[in-house]
Amino acid sequence: MYYFEVGKEVKGSGAPMLWWTDDLTSGIDFIDNQHKELFNRVNEVFSAVNVNDEAMIRSTFEYLITYVIEHFGAEESYMILYLYDDFAEHRESHNYFVLQVNELHRRFSTEEITEEERKELVDALQLLLVEWLVNHIHDFDKKLAASIRKEE
């Protein structure tokens, strides 16, 4: 099942939206609440792109990077606290995402780019956000949550 529906809109803007579904729930409230907020931030990126507001895209990029780092830090603290066996692999997945988003942000913000290149960067960001986020929750975060629940 895909969680990204082009036919749906963000706040009537015509922008595509990433939908939270119950099968993404980990059962750990703080993780699920942060994931839902992350979905909201991703949708803000989509909305900014749709209205073609470069300043809004940059601002949303920056907020998204900050939020993701905070969220990953919280997850990683739990992994350390619970002596999570797959910490290194999970953290590597987080690092990959941060590096990819930072690189897209850098290219979007600092290079002279054509409108076509800008659109390609935004498309790459949207694809990264959708595919990585949903897959990461399914492949890594649900496994982490199960491990935490077992320890509690």
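Is Y63 buried, partly exposed or exposed? In this predicted model, Y63 is partly exposed, because its relative accessible area is 37%, a value between the 20% and 50% cut-offs. Its partner in an aromatic pair, Y67, is described below together with the fold that holds both residues.

The chain contains four helices and two strands. Read from the N terminus, the order of elements is β-β-α-α-α-α. Of the 152 residues in the chain, 41% are buried. Among contacts with a separation of 6 or more, 67% join residues 24 or more positions apart.

Helix α2 covers residues 54-81. Its 28 residues reach 41 Å from the first C-alpha to the last. The expected figure, at 1.5 Å a residue, is 40 Å, and the two values are close. The buried residues of α2 include I57, T60, F61, L64 and I65 in its earlier part. Further along, V68, H71, F72, E75 and M79 are also among them. This buried set packs against three helices: α1, α3 (87-110) and α4 (115-151). After α2 comes L83, which has a positive phi near 50°.

Eight aromatic pairs occur in the structure. In one of them, the ring centres of Y63 and Y67 are 6.3 Å apart and the ring planes meet at 20°, so the pair is stacked. The angle falls under the 30 degrees that stacking requires. Both tyrosines belong to helix α2. They sit four residues apart, about one turn of the helix. An α-helix has 3.6 residues a turn, so residues three or four places apart point the same way. Burial nevertheless separates the two rings' residues. Y67 counts as buried because its relative accessibility is 11%, whereas Y63, at 37%, is partly exposed. A further aromatic group consists of F30, Y78 and Y82, which form one cluster.

Helix α1 (residues 29-50) contains H35. With a relative accessibility of 1%, H35 counts as buried. Its side chain makes a polar contact with the side chain of H71, at 3.2 Å. H71 is one of the buried residues of α2. Leaving aside residues up to four places away in sequence, H35 touches W20, H71, E75, I137 and D141. E75, like H71, is listed among the buried residues of α2. I137 marks the centre of a kink in α4.

That kink amounts to about 40°. The length of α4 still agrees with expectation: its 37 residues should span 54 Å at 1.5 Å a residue, and its end C-alpha atoms are 51 Å apart.

Three salt bridges are present. Side chains of opposite charge can pair when their charged atoms come close. The side chains of R91 and E76 form one such bridge, at 3.3 Å from N to O. R91 belongs to helix α3 and E76 to helix α2, so this pair ties together parts 15 residues apart in sequence. The two ends differ in burial. R91 is partly exposed, at 38% relative accessibility. E76 is buried, because its relative accessible area is 10%, under the 20% cut-off.

A second bridge joins K143 and D86, whose closest N and O atoms lie 2.6 Å apart. K143 is in helix α4 and D86 is in the loop between α2 and α3, so the pair ties together parts 57 residues apart in sequence. K143 is partly exposed, with a relative accessible area of 43%. D86 is also partly exposed, with a value of 24%.

The remaining bridge links E103 to R106, with 2.7 Å between the closest N and O atoms. Both residues lie in helix α3. Because they are three residues apart, about one helical turn separates them. E103 is partly exposed, with a relative accessible area of 33%. R106 counts as partly exposed too, at 37% relative accessibility.

How values were computed. Residues numbered from 1 in each chain as written. Predicted model: local features only at pLDDT ≥ 70, side-chain atom pairs only at ≥ 80, totals over all residues. Heavy atoms only, no water. Buried < 20%, exposed > 50% of the residue type's maximum accessible area, 1.4 Å probe, protein only. Polar contact = N/O pair within 3.5 Å; in protein donor to acceptor, adjacent residues only side chain to side chain. Contact = heavy atoms within 4.5 Å. Expected span 1.5 Å × (residues − 1). Phe/Tyr/Trp six-rings, centres within 6.5 Å; stacked < 30°, edge-to-face > 60°. Salt bridge = Lys/Arg side-chain N within 4 Å of Asp/Glu carboxyl O. Bend = angle between axes of the 7 residues up to and from the residue.
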